[in-house]
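Welcome! Here is a short briefing to help you find your way around this structure. Take a look at the model first, then read on.

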Amino acid sequence: MASEPGTQSRVMFQTKEEEPAQRKLGKLTVKYNRKDLQRRLDIEEWIDGQLHLLYDCEEEEIPELEIDIDELLELTDAEQRSRLHELLQECGKPKEDFINGLLYRMKGLRKMSGSLKK
């Protein structure tokens, strides 16, 4: 495509209608407030510390174990206990104090949506 030496091509973009100068500020709704998130983090840190005590070893030596709080929240109390016993079956130490402590800490905790989970 040849152009004449003295002319330049122009590209024009269509723009949407200008926003009003005084745009109304919208509120962001946060599904989980900072307090809920901090409580969940505290529980996860507590679980980590307790697993070190239960297995009496360093973090890298703890067996591959995933305690999913959201999964537990979907279960009844009896099912939660059963699931935790199943997850901790390789642990030789008494697990009942850990299970009771975790279930107590989870009371009132809400399930998170998939978008906030890792």
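Phe98 counts as buried, because its relative accessibility is 2% and the cut-off for buried is under 20%. Please keep in mind that this is a predicted model. Phe98 is a good place to start, since the ring pair and the helix contact described below both involve this residue.

**The aromatic pair**

- One aromatic pair turns up when the whole structure is searched.
- The partners are Trp46 and Phe98, whose ring centres lie 5.4 Å apart with their planes at 0°, so the pair is stacked.
- Distant parts of the chain are linked by this pair: Trp46 sits in helix α1 and Phe98 in helix α4, 52 residues apart.
- Trp46 has a relative accessibility of 18%, so Trp46 counts as buried too.

**How α1 and α4 meet**

- Helix α1 spans residues 34-55 and helix α4 spans residues 96-106; the two pack at an angle of about 175°, with 11 Å between their axes.
- Angles over 145 degrees count as roughly antiparallel, and α1 and α4 are therefore roughly antiparallel to each other.
- On the α1 side, the residues in contact are Arg39, Ile43, Trp46, Ile47, Gln50, Leu51 and Leu54.
- On the α4 side, they are Phe98, Gly101, Leu102, Arg105 and Met106.
- Sorted by class, this contact of α1 with α4 holds eight nonpolar, two polar and two charged residues.

**The buried side of α3**

- Which residues of helix α3 are buried? In this helix, which covers residues 77-87, they are Gln80, Leu84 and Leu87.
- These three cover an arc of only 60° around the axis, which means that they lie on the same side of α3.
- What do the buried residues of α3 pack against? Their partners are α1, α4 and also α2, which covers residues 69-73.

**The chain as a whole**

- The chain contains four helices and zero strands.
- Read from the N terminus, the order of its elements is α-α-α-α.
- The chain has 118 residues, and 25% of them are buried.
- Among contacts in the chain with a separation of 6 or more, 65% are between residues 24 or more positions apart.

**To take away**

- Trp46 in α1 and Phe98 in α4 form a stacked pair, and the helices that carry them are roughly antiparallel.
- Helix α3 also belongs in this picture, as its buried residues pack against both α1 and α4.

Notes: Residues numbered from 1 in each chain as written. Predicted model: local features only at pLDDT ≥ 70, side-chain atom pairs only at ≥ 80, totals over all residues. Heavy atoms only, no water. Axes fitted to C-alpha atoms, helices over the stretch in contact; angles between N-to-C directions. Parallel < 35°, antiparallel > 145°, perpendicular 65-115°, else oblique. Contact = heavy atoms within 4.5 Å. Nonpolar A, V, L, I, M, F, W, Y, C, P; charged D, E, K, R; others polar. Phe/Tyr/Trp six-rings, centres within 6.5 Å; stacked < 30°, edge-to-face > 60°. Buried < 20%, exposed > 50% of the residue type's maximum accessible area, 1.4 Å probe, protein only. Arc of directions from axis to C-beta.
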